Amino acid sequence: MSDYLLRTINLTKQYKKQKAVDNISVHIERGAIYGLIGRNGAGKTTFLKMISRLAAPTSGEIELFGYQKKAIDNVYDRIGMLIEEPGLYPNLNAFDNLKLKAICMGVYKKENVNDILEIVGLNNTGNKKIKNFSLGMKQRLGIGMALVGEPDLLVLDEPINGLDPQGIVEVRDIILKLNQERNITVIISSHILEELSKLATHYGIIHQGRLIEEFSKEEILQKCSERIEIILEEPDRACTILDGLKIHNYKVVDEKTIYVYEKLEEMGDINMELSVNRIKVNSINVIKESLEKYFMELTGGNDNA
Ligand SMILES: Nc1ncnc2c1ncn2[C@@H]1O[C@H](COP(=O)(O)OP(=O)(O)OP(=O)(O)O)[C@@H](O)[C@H]1O
């Protein structure tokens with residue numbers, strides 16, 4: 001048993017000659033919003049299908065709510081999922097779509113359906129048929145369908161893909177509310193890191209079927225935050241000088257680089273103090289890296305291979 005709500009161990013899916021998912025081991029904590037980021041074709045959908053039991057792994061293990069192998073069967077009803085198109089009946093209204101699913105799952109209660117409609121902001125759509133819904137409304141109903149049965153884990157595959165800015169905000173607010181008020185853990189995939197940055201507490205970057213990196217929101221903010229980058233000789237001695245300047249929020253990145261995260265306006269003073277103390281500074285600059293740029297670097301620039 002582990003502390004993670006969901007963990008995979010070397011999860012792999014092979015389609016004929018192609019490994020769509022290649023030895024992926026993710027670690028998802030209870031209460032997290034885990035953003036799974038990857039370009040088109042990276043393997044996100046295949047991965048999410050395996051953890052939702054819509055596709056069988058070729059090899060590897062899934063641990064869900066502390067259970068593995070056969071024992072997982074008992075906890076699958078605690079997952080709600082929206083993968084690819086939500087299966088909706090176009091000639092029924094939102095209420096009846098939810099009701100039908102709840103009846104099929106043996107959990108129908110009128111108040112629960114109304115509660116879901118309220119959460120996803122469709123409580124005043126009345127008899128409007130799904131075929132007359134906008135894309136954003138359909139997507140919100142798709143999330144509502146995933147909420148039938150009161151899941152503890154929500155798996156959402158690119159739920160904001162194709163939505164207009166308002167639709168994106170609405171879906172984002174629903175996900176935040178579910179996470180914060182209902183304590184639902186969420187895995188959400190996207191090919192745009194920036195889009196998830198207002199949402200995710202943790203990230204997994206997936207590229208060509210492999211998990212390249214996992215990090216928390218705090219870690220990514222630090223990686224991409226505005227900072228002074230100093231390329232220099234003798235970083236150890238430079239640290240003493242920074243401490244003397246009452247600068248403590250810095251990091252020695254390697255034997256030639258220090259990042260300083262505070263007092264950016266004092267770059268000139270820092271430079272002078274290092275020079276006075278005969279530390280050779282090769283360059284000193286304020287830099288700001290965008291999340292998207294960081295992601296592009298991790299996944300090999302603009303190479304779409
Ligand atoms: N049923 C399948 N049979 C064969 N190959 C598949 C199948 N499903 C997916 N693939 C391949 O596996 C790779 C990963 O696909 P997947 O759909 O998981 O990626 P993705 O990251 O979700 O991308 P997208 O955002 O474009 O859906 C792709 O190269 C895809 O062509």
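## Helix packing, domains and ligand shell in a predicted model

Helix α4 (residues 135-147) packs against helix α5 (residues 165-182) at an angle of about 15°, and their axes are 10 Å apart. This makes α4 roughly parallel to α5, since angles under 35 degrees count as roughly parallel. The crossing of the pair α4 and α5 is right-handed. The structure described here is a predicted model.

Two packed helices are described by the angle between their axes and the distance between the axes. Helix α4 also has a second partner, α2: the axes of α2 and α4 come within 9 Å and cross at roughly 25°. That angle makes α2 roughly parallel to α4. Where α2 passes α4, the crossing is right-handed.

Helix α2 (residues 94-105) further meets helix α3 (residues 110-119), with axes that come within 10 Å and cross at roughly 130°. The helices α2 and α3 are therefore oblique to each other. Their crossing, too, is right-handed. The table sets out the three pairs.

| Helix pair | Angle between axes | Distance between axes | Orientation |
|---|---|---|---|
| α4 and α5 | about 15° | 10 Å | roughly parallel |
| α2 and α4 | roughly 25° | within 9 Å | roughly parallel |
| α2 and α3 | roughly 130° | within 10 Å | oblique |

The chain as a whole may be considered next. The protein chain is divided into domain 1, covering residues 4-220, and domain 2, covering residues 226-287. Taken over C-alpha atoms, the centres of domain 1 and domain 2 are separated by 44 Å. An unreviewed UniProt entry places the feature "domain: ABC transporter" at residues 6-233. Over residues 6-233, helix makes up 32% of the chain and strand 29%, while the end C-alpha atoms lie 44 Å apart.

Which residues surround the ligand? They are Y15, Q18, A20, G38, N40, G41, A42, G43, K44, T45, T46 and H191. By residue type, this shell divides into three nonpolar, eight polar and one charged. Two elements, β2 (18-24) and α1 (44-51), each supply at least two residues of the shell around the ligand. Of the elements, α1 gives the most to this shell, with three residues.

In summary, α4 is roughly parallel to α5, and α2 is roughly parallel to α4, whereas α2 and α3 are oblique to each other. Around the ligand, the shell includes eight polar residues, and α1 is the element that gives the most to it.

Methods:
Residues are numbered from 1 along each chain as its sequence is written. This is a predicted model: local features need pLDDT of at least 70, side-chain atom pairs count only at pLDDT 80 or more; totals for chains, interfaces and linings use all residues. Domain bounds come from an automatic or database domain assignment. A residue is near a molecule or strand if its C-beta atom, placed from the backbone, lies within 6 Å of it. Helices (H or I, at least four residues) and strands (E, at least two) are DSSP runs, numbered from the N terminus. Ala, Val, Leu, Ile, Met, Phe, Trp, Tyr, Cys and Pro count as nonpolar, Asp, Glu, Lys and Arg as charged, and the others, Gly among them, as polar. UniProt positions are given in the numbering used here, feature names are shortened, and annotations may be inferred rather than shown by experiment. Axes are lines fitted to C-alpha atoms, for helices over the stretch in contact, and angles run from 0 to 180 degrees between N-to-C directions. Angles under 35 degrees count as roughly parallel, over 145 as roughly antiparallel, 65 to 115 as roughly perpendicular and the rest as oblique. A crossing is left-handed if the near helix is turned anticlockwise from the far one by less than a right angle, and right-handed if clockwise.
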